[in-house]
Amino acid sequence: MTNRGCRIILWRHGQTSWNLERRFQGSTDIELTDTGVSQARRAARLLASLKPDAIVASDLKRAAATASELAGLTGLEVTYEQALQETYAGEWQGLTHDEIIARFGDQYSAWKRGESVRRGGGELETEVADRAAPVVLRHAEKLPENGTLVVVSHGGTIRTTIGRLLGLESHHWEGLGGLSNCCWSVLGQGARGWRLLEHNAGTLPEPVLGDDD
C-alpha cells in the first residue's frame, strides 16, 4: 500500500466538439477544441503548483493533449496507459444524448438507476474499474513519500475508479457527480484507505458535458 501522505489527482480532459454536441464519445478518439486546449493550459498552471511527481494518462488524443500541457510546465514525462481510456459503449458511441434516450431509453434508465448495464453492448462500469483502478494504484505505489500522482483520463473512467478506490459498491457510483471538462478530483491516503478530498475542483461550477451526464 502507498504511504498515507500520497495524493492521486484524477483530471478529466478538456472540451471536445462532441462534448458540446452532447455526443457520446466513449473510446472514439476525438481531439480537443481550441477552448479545450485553453482549459488544459489554465488547469495545468494550477496543478503544476501542487508539484506532482508523476503523470499518467489515457492514450486517447483528448487526454494526451491535456496531459501534455502539465508535462510542459513540470518537465515530467507522461506515461500513457490504454487501460485509462473511456468506457467502450458500442452502439451508443457517436450518438447524441437525445438519440440514446430515443433508441435505448430502457437501457439508459437502468444505467441511471445503478443497474449493471452494457451500454450499447459495450463494457460494464465494473469492467472499466477492473482495468483502470489497478493501473492507478500501480503508479501510486511508485510515488515518493507524500508524493502526488496526476491521472489524466475521462469522466466515466474517473468516476468508476474513484468508486472502486473508495470501496463503494458499484450501484452507489452514480452518487458521485460527473466532472466538468478539465476539472479534477483528489484522493488522499487515510488510515483506512483512500478518501475523497476534493471533487470536480478547478473552476467555478460549469455544466458537465460528456458521456457521464
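Visitor: In what order do the elements of the chain run from the N terminus on?
Guide: Happy to start there, with the reminder that this is a predicted model. The chain has six helices and six strands. Read from the N terminus, the elements follow the order β-α-α-β-α-β-α-α-β-α-β-β.

Visitor: What is the radius of gyration of the chain, set against the globule rule?
Guide: For 213 residues the globule rule gives 17 Å, and the chain comes close to that value, so it is as compact as a globular protein of that length. Along its principal axes, the C-alpha trace spans about 50 × 40 × 30 Å. The radius of gyration itself is 16 Å.

Visitor: Among contacts between residues at least 6 apart in sequence, what percentage join residues at least 24 apart?
Guide: A word on burial before that: 54% of the 213 residues count as buried. As for the contacts between residues at least 6 apart, the share that joins residues at least 24 apart is 71%.

Visitor: How far apart do the centres of the positive and negative side chains lie?
Guide: The accessible surface of the chain is about 9500 Å², with 47% of it belonging to carbon and sulfur atoms. On the charged side, there are 23 positive and 28 negative side chains. The centres of these two sets are separated by 4 Å.

Visitor: Which residues of the largest nonpolar core touch the most other members, and which element supplies the largest share?
Guide: Nonpolar side chains tend to be buried together in soluble globular proteins. Here the largest nonpolar core holds 21 residues, and I8 and V151 touch the most other members. At least two residues of this core come from each of β1 (7-12), α5 (125-140), β4 (148-153) and α6 (155-165). The largest share, five residues, is supplied by α5.

Visitor: How many residues make up the second, separate core?
Guide: Let us reach that core by way of I8, whose contacts beyond four places in sequence include V136, A140, V151 and V186. V186 is one of the residues in the second core, along with A63, A71 and V150. The size of that separate core is 19 residues.

Visitor: Is V186 buried or exposed, and how far is its C-alpha from that of L197?
Guide: V186 belongs to strand β5 (residues 184-190). Its relative accessibility is 4%, under the 20% cut-off, so V186 counts as buried. Outside its neighbours within four places, V186 is in contact with R7, I8, I9, R195, L196, L197 and E198. L197 is 11 residues away along the chain, and the C-alpha separation is 5.4 Å.

Visitor: Which residues does A133 touch, not counting those up to four places away in sequence?
Guide: A133 is part of helix α5 and, at 3% relative accessibility, counts as buried. I162 is 29 residues from A133 in sequence, with 8.1 Å between the two C-alpha atoms. The residues that A133 touches are T161, R164 and L165.

Visitor: What is the relative accessible area of N19?
Guide: N19 sits in helix α1 (residues 17-20). L32 lies 13 residues from N19 in sequence and 9.6 Å away in space, C-alpha to C-alpha. N19 is buried, and its relative accessible area is 0%.

Visitor: With which residues is T79 in contact, leaving aside neighbours within four places?
Guide: T79 is found in strand β3 (residues 78-81) and counts as partly exposed at 35% relative accessibility. The C-alpha atoms of T79 and L32 are 19 Å apart, with their places 47 residues apart along the chain. The contacts of T79 are I55, V56, A57 and H139.

Visitor: Where does K51 lie, and is K51 buried or exposed?
Guide: K51 has a positive phi of about 55°, although it is not a glycine. This residue lies in the loop between α2 (34-48) and β2 (54-58). Its relative accessibility is 65%, above the 50% cut-off, so K51 counts as exposed.

Visitor: In which strand does N200 lie?
Guide: N200 also has a positive phi, near 55°, in a residue other than glycine. Its relative accessible area of 24% makes N200 partly exposed. The strand that holds N200 is β6 (residues 193-201).

How values were computed:
Residues numbered from 1 in each chain as written. Predicted model: local features only at pLDDT ≥ 70, side-chain atom pairs only at ≥ 80, totals over all residues. Heavy atoms only, no water. Helix = DSSP H or I, 4+ residues; strand = E, 2+ residues; numbered from the N terminus. Rg over C-alpha atoms; globule rule 2.2 N^0.38 Å. Buried < 20%, exposed > 50% of the residue type's maximum accessible area, 1.4 Å probe, protein only. Contact = heavy atoms within 4.5 Å. Areas by Shrake-Rupley, 256 points an atom, 1.4 Å probe, with all protein chains shown as cover. Lys, Arg positive; Asp, Glu negative; His and termini not counted. Charge placed at Lys NZ, Arg CZ, Asp CG, Glu CD. Core = buried A, V, L, I, M, F, W, Y, C linked by side-chain atoms within 4.5 Å.
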